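Student: I would like to go through the reasoning behind some labels given to a structure. Please show it to me.

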Amino acid sequence: TSTVRNRVIRWELDIGFGHTTLDGDDECDVLPLRSERVVLVCNRLNPLVGGAEATLEHTYKVHPDALSSQRCYVMAPEYILHDVEKQQMSRYGVHPAQRIVMSHLYSRIADILANPKTGFAFMPDYVFQESFPKSALPQLAILRLGDEDYTWNFSMLRKKNKKLSREARQFWNCIAENWNVNR
């Protein structure tokens with residue numbers, strides 16, 4: 001959620017960790033630690049796929065108009081993924097037939113598996129490292145809207161122009177130095 005970022009901005013936390021978009025941040029210094037993809041997921045039996053290869057390694061490009069008869073699972077507004085969903089749907093002109101607020105990622109996958117002909121969701125690819133989503137991958141199709149997958153970062157955050165405590169500054173510098181050395 002955006003809770004960590006908001007707590008950093010309000011000076012309740014010196015440093016936080018969370019997902020950030022690639023656009024930057026006006027209120028926080030951001031140190032990207034890992035880049036991750038956000039992909040579209042639907043059931044492999046969904047007519048959108050039409051038998052095409054649609055895997056994490058080879059995502060299938062879907063036309064936004066094809067999603068107009070589908071239902072879309074969206075996050076609640078307090079989640080950063082909600083902002084990504086909103087941005088991507090606006091950018092590509094996606095107008096699903098129905099939007100269902102479902103913020104639990106595993107529940108989204110379960111519902112997509114239970115309703116094979118309709119439904120899609122934006123999903124961060126890191127969830128497929130967990131046992132349930134990973135075991136469901138053969139039944140899922142991995143899609144994208146544009147020519148490239150959407151990416152975001154898992155980052156370390158601190159309030160811009162805020163003087164950190166000595167310990168917090170040492171922690172930030174240790175992570176920043178080791179991250180740059182080990183990249």
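Tutor: The model is a predicted one. Its chain has five helices and eight strands, and from the N terminus on these run α-β-β-β-β-α-β-α-β-α-β-β-α.

Student: Why are F17 and F171 called an aromatic pair?

Tutor: The ring centres of F17 and F171 are 6.3 Å apart. The cut-off for a pair is 6.5 Å between centres, so F17 and F171 qualify.

Student: What makes the pair of F17 and F171 edge-to-face?

Tutor: The planes of F17 and F171 make an angle of 85°. Planes over 60 degrees apart count as edge-to-face, therefore the label applies.

Student: Which parts of the chain does the pair link?

Tutor: Distant ones: F17 belongs to strand β1 (residues 15-20) and F171 to helix α5 (residues 166-182), 154 residues apart. F17 and F171 also form one aromatic cluster with F154, and the chain has three aromatic pairs.

Student: Why is F17 called partly exposed?

Tutor: The relative accessible area of F17 is 33%. Buried means under 20% and exposed means over 50%, so F17 falls in between. F171, at 38%, is partly exposed by the same rule.

Student: How do you know that the charged end of R158 sits over the ring of W172?

Tutor: The charged end of R158 is 4.1 Å from the centre of the W172 ring, and the distance limit is 6 Å, so that part of the test is met. The rule also asks for a position within 35 degrees of the ring normal, and R158 is listed as sitting over W172.

Note on methods. Residues are numbered from 1 along each chain as its sequence is written. This is a predicted model: local features need pLDDT of at least 70, side-chain atom pairs count only at pLDDT 80 or more; totals for chains, interfaces and linings use all residues. Side-chain values use heavy atoms; hydrogens and water are left out. Helices (H or I, at least four residues) and strands (E, at least two) are DSSP runs, numbered from the N terminus. Rings of Phe, Tyr and Trp (its six-membered ring) pair if their centres lie within 6.5 Å; planes under 30 degrees apart count as stacked, over 60 as edge-to-face and the rest as tilted. Buried means under 20% relative accessible area, exposed over 50%, partly exposed in between (1.4 Å probe, protein chains only).
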